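This briefing is written for a reader who wants the local geometry set out residue by residue and helix by helix. Please keep the sequence and the structure in view while reading.

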Amino acid sequence: MMIHVSDTIALDENDIQMDFIRASGPGGQNVNKVSSAVQLRFNIAETSALSEEIRVRLKKIAGKRINADGILIIKAQRYRSQEQNRQDAIDRLIAMIQKAIEPPKRRRPTQPTAASRKRRLTSKRRRSDLKKRRRVVRQTGDEN
């Protein structure tokens, strides 16, 4: 089965490995008995669904969630049901890939406006004058 990410990208479910683990945190007796949390593993390097530039951006977006082998690990334990956590993990993976699909906006360097340059210089002049007025005044005629 394929997981639809965008018009051009669909992930094969065989590329995704899911392990069901016990959730941490509060939950009473249920938390110690039921493996409701999901640990999704997605090998970014070996998937054929993503282009090289999308892989690079996805690695940057994922940050610490990628281990040394290049496997993206998403842990979902928000819900008490295993199926809801499974869907949450898949949704989070899809959201990360969709974010990686969008190319980053190029920064256009801008020049400061004439008015902002004038404000900056006026402010510097005022500050300089203030500091000049704080100096000790020496009188040249009182050397007797």
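What follows is a grouped account of one helix pair and of several individual residues. The model is predicted, and every value below was computed from it. The account begins with the packing of helix 2 and helix 3, and then turns to single residues.

**Helix 2 against helix 3**

- Helix 2, which spans residues 52–62, and helix 3 have axes that come within 8 Å and cross at roughly 125 degrees.
- That angle makes helix 2 oblique to helix 3, because an angle counts as oblique when it is neither under 35 degrees, nor over 145, nor from 65 to 115.
- The crossing of these two helices is right-handed.
- On the side of helix 2 the contact is made by Ile 54, Arg 57, Leu 58, Ile 61 and Ala 62, while helix 3 contributes Met 96, Ile 97, Lys 99, Ala 100 and Ile 101.
- Sorted by character, the residues of this contact comprise 8 nonpolar and 2 charged, with no polar residue among them.

**The buried side of helix 2 and its end**

- The buried residues of helix 2 are Ile 54, Arg 55, Arg 57, Leu 58 and Ala 62, and what covers them includes helix 3 together with strand 4 (37–43) and strand 5 (71–76).
- Arg 57, found in helix 2, has a relative accessibility of 18% and therefore counts as buried, since the limit for that class is under 20%.
- Beyond its neighbours within four places in sequence, Arg 57 is in contact with Ala 100, Ile 101, Glu 102, Pro 103 and Pro 104; of these, Ala 100 and Ile 101 also belong to the contact between the two helices.
- Just after helix 2, Gly 63 adopts a positive phi of about 60 degrees.

**Asn 85 and Gln 77**

- Asn 85 lies in helix 3, which covers residues 82–101, and it counts as buried because its relative accessibility is 0%.
- A polar atom of the Asn 85 side chain lies 2.8 Å from the backbone oxygen of Tyr 79.
- When neighbours within four places in sequence are left aside, the contacts of Asn 85 are with Ser 36, Ala 37, Val 38, Ala 76, Gln 77, Arg 78 and Tyr 79.
- Gln 77, one of those partners, sits in the loop between strand 5 and helix 3 and is partly exposed, with a relative accessible area of 31%.
- Apart from residues up to four places away in sequence, Gln 77 touches Ala 23, Ser 24, Ala 37 and Asn 85, so that Ala 37 appears in the contact lists of both Gln 77 and Asn 85.
- Gln 77 and Leu 93 are 16 residues apart in sequence, and their C-alpha atoms are 14 Å apart in space.

**Asn 14 and Ser 128: exposure and C-alpha separations**

- Asn 14 lies in the loop between strand 2 (10–12) and strand 3 (16–21), and its relative accessible area of 69% places this residue in the exposed class.
- Although Asn 14 and Phe 42 are 28 residues apart along the chain, their C-alpha atoms are separated by 9.6 Å.
- Ser 128 is part of helix 4, residues 114–134, and counts as partly exposed at 34% relative accessibility.
- From Ser 128 to Ile 94 the distance is 56 Å in space, C-alpha to C-alpha, for a pair that is 34 residues apart in sequence.

How values were computed
Residues numbered from 1 in each chain as written. Predicted model: local features only at pLDDT ≥ 70, side-chain atom pairs only at ≥ 80, totals over all residues. Heavy atoms only, no water. Helix = DSSP H or I, 4+ residues; strand = E, 2+ residues; numbered from the N terminus. Buried < 20%, exposed > 50% of the residue type's maximum accessible area, 1.4 Å probe, protein only. Polar contact = N/O pair within 3.5 Å; in protein donor to acceptor, adjacent residues only side chain to side chain. Contact = heavy atoms within 4.5 Å. Axes fitted to C-alpha atoms, helices over the stretch in contact; angles between N-to-C directions. Left-handed = near helix turned anticlockwise from the far one by under 90°. Nonpolar A, V, L, I, M, F, W, Y, C, P; charged D, E, K, R; others polar.
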